[in-house]
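The following note is offered to a colleague meeting this structure for the first time. Its points are numbered and may be read alongside the sequence and the model.

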Amino acid sequence: MNEKRFEEAIQLRGRSKFTWSDVINDALHRSFENNWNMYKLLAYQKPSQTQISPIDSSSVFGISERTLHGHTECGGSGGRYERSGALSGPGHRVYIVSDGFEGLANGEVILNIGMFEEETITCPSSCMEKLVENLKKFNIQSLLVVGGFEAYEGILQLVEARGRYDELCIPMCIIPATISNNVPGTDFSLGADTAVNAAMGSCDKIKQSATGTKRRVFVVETMGGFCGYLATYTGIAVGADAAYIFEESFNIHDLKTNVEHLTEKMKKDIQRGLVLRNEKCHEQYNTDFIYKLYSAEGKGVFDCRVNVLGHLQQGGVPTPFDRNYGTKLGVRAVQWLTEKMTSTFRQGENQTSLSQEQYNSVTCRDLIQLKCFDSDFIIEEFNLSRVFANSPDTACVIGLQKKVLSYSPVTELKDQTDFEHRMPKVQWWINLRLMLKMLAKYQTSFDEYVPGEIEHVTSRSLSVDTGF
């Protein structure tokens, strides 16, 4: 520092302690230098004076997203500023689409950042023609979609329709944002951590409300659709006696065993119990059934209360993890889209011979038809400058997988997806559920636990993100 070698000092900056937050930060940006560069990118943003490609109004982004305040992307608002800042720098023209795919089909497109309407869940297959028409109208050359499983499914439909519409041959990126954490291609969705904290806080208050009451059991219903991530992680955080989820089937005998176990604990030193139930864990054994079962079987030993958290788990103030996570995903998604647009940009020839109106309206299919009607036209001469991306790796989900920031093509994720129940076929957090039994004082054996596997780790394998 005395020698004013500041750049070298930044490169040498390391971690002073090892925490979970450090693990996430290392997964996205393995050094203080990269985080510092990202801060400078956002804090000292200056609009670009040049376009990154020769095409008129180049690098046009369409950002389709839900309302980030009060909808299912709990805690997702942290990435909005970062996306807008990262987009404006390289000279992109940014359009915001409210109300998701349906909004794009209806032309609800505004320039720059504005107010957002709440999205109705509509897949593009029901409005494909209008959607493609507006992509062409606004000359949109890439899509950044922020949302949950509907966003993932919608982009997959757009990719599968590329063979019919040239306008869909553009880079597309999905930032997974849902409290359900059910989007394939990532271990964590934006907002899931905030939702777990909200559910945990509610459960803590519920237990505290029974401080003056002896022997009381609470049955609490969480959200998440068919995905049991929210119930499982909240259960581990609050030390729940049981957490019923769809991924781990159960029957009446399992319920009876849980009630008997809790009854025995209540007869000793335990004064309060907590049972969590995912909202769609079982069609017949709903929250009311479980409440009545515990009330009847525990009669004379404990009384029972039921609570449905509902939309208390949505909205609220994002946690520090979600703020930082949203920031980094937003910036990395924009950088990835910019790179894909640059690499898939096709330089046309003789494009100045067309009027602006013709230039904005002609597609590759039009050119083929044009040649059929007039033999004097040569297709190569009117091959307009545009982005043309039709390979599988140009439509991806950006996410965190095993401490690595990854870009997973939606076409590859299709085989890993349970579309009926709207979640991945394999859930990485299932192995953590044995911890619930241990916390609830069940007789468990360590042989049941899934042992860890030693993997050879190098600087490159630790993170594929090379920074700036």
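Is Asp393 buried, partly exposed or exposed, and what is its relative accessible area? The model under discussion is a predicted one, and the question is taken up in the first point.

1. Asp393 is partly exposed, since its relative accessible area is 37%. Its side chain forms a salt bridge with that of Lys340, at a distance of 3.5 Å from N to O. Asp393 is located in the loop between β11 (386-387) and β12 (395-401), whereas Lys340 belongs to helix α12 (residues 320-343); the pair therefore ties together parts that lie 53 residues apart in sequence. Lys340 has a relative accessibility of 15% and so counts as buried, the cut-off for that class being under 20%.

2. A second pair lies within a single helix. Lys256 and Glu260 join their side chains in a salt bridge of 2.4 Å, N to O. Both residues are in helix α10 (residues 252-266), and because they are 4 residues apart there, about one helical turn separates them. Glu260 is partly exposed at a relative accessible area of 40%, and Lys256 is likewise partly exposed, at 47%.

3. A third salt bridge connects the side chains of Arg305 and Asp303, with an N to O distance of 3.6 Å. Asp303 has a relative accessible area of 26%, which places this residue in the partly exposed class. Arg305 is also partly exposed, with a relative accessibility of 36%.

4. Salt bridges may also be linked to one another. Glu3, Arg5 and Glu8 form such a network. For the structure as a whole, the number of salt bridges is 13.

5. The wider setting of these pairs should also be noted. The protein contains 17 helices and 15 strands. It has 468 residues, and 52% of them count as buried; Lys340 is one of the residues in the buried class.

6. Contacts between residues distant in sequence deserve a separate remark. Among contacts in the protein with a separation of 6 or more, 78% are made by residues 24 or more positions apart. The salt bridge between Asp393 and Lys340 likewise brings together parts that are distant in sequence, at 53 residues apart.

7. Lastly, the surface may be summarised. The accessible surface of the protein amounts to about 23,100 Å². Carbon and sulfur atoms contribute 51% of that area.

Notes
Residues are numbered from 1 along each chain as its sequence is written. This is a predicted model: local features need pLDDT of at least 70, side-chain atom pairs count only at pLDDT 80 or more; totals for chains, interfaces and linings use all residues. Side-chain values use heavy atoms; hydrogens and water are left out. A salt bridge is a side-chain nitrogen of Lys or Arg within 4 Å of a carboxyl oxygen of Asp or Glu. Helices (H or I, at least four residues) and strands (E, at least two) are DSSP runs, numbered from the N terminus. Buried means under 20% relative accessible area, exposed over 50%, partly exposed in between (1.4 Å probe, protein chains only). Contact means heavy atoms within 4.5 Å. Accessible areas come from the Shrake-Rupley method with a 1.4 Å probe; for residues, only the protein chains shown count as cover.
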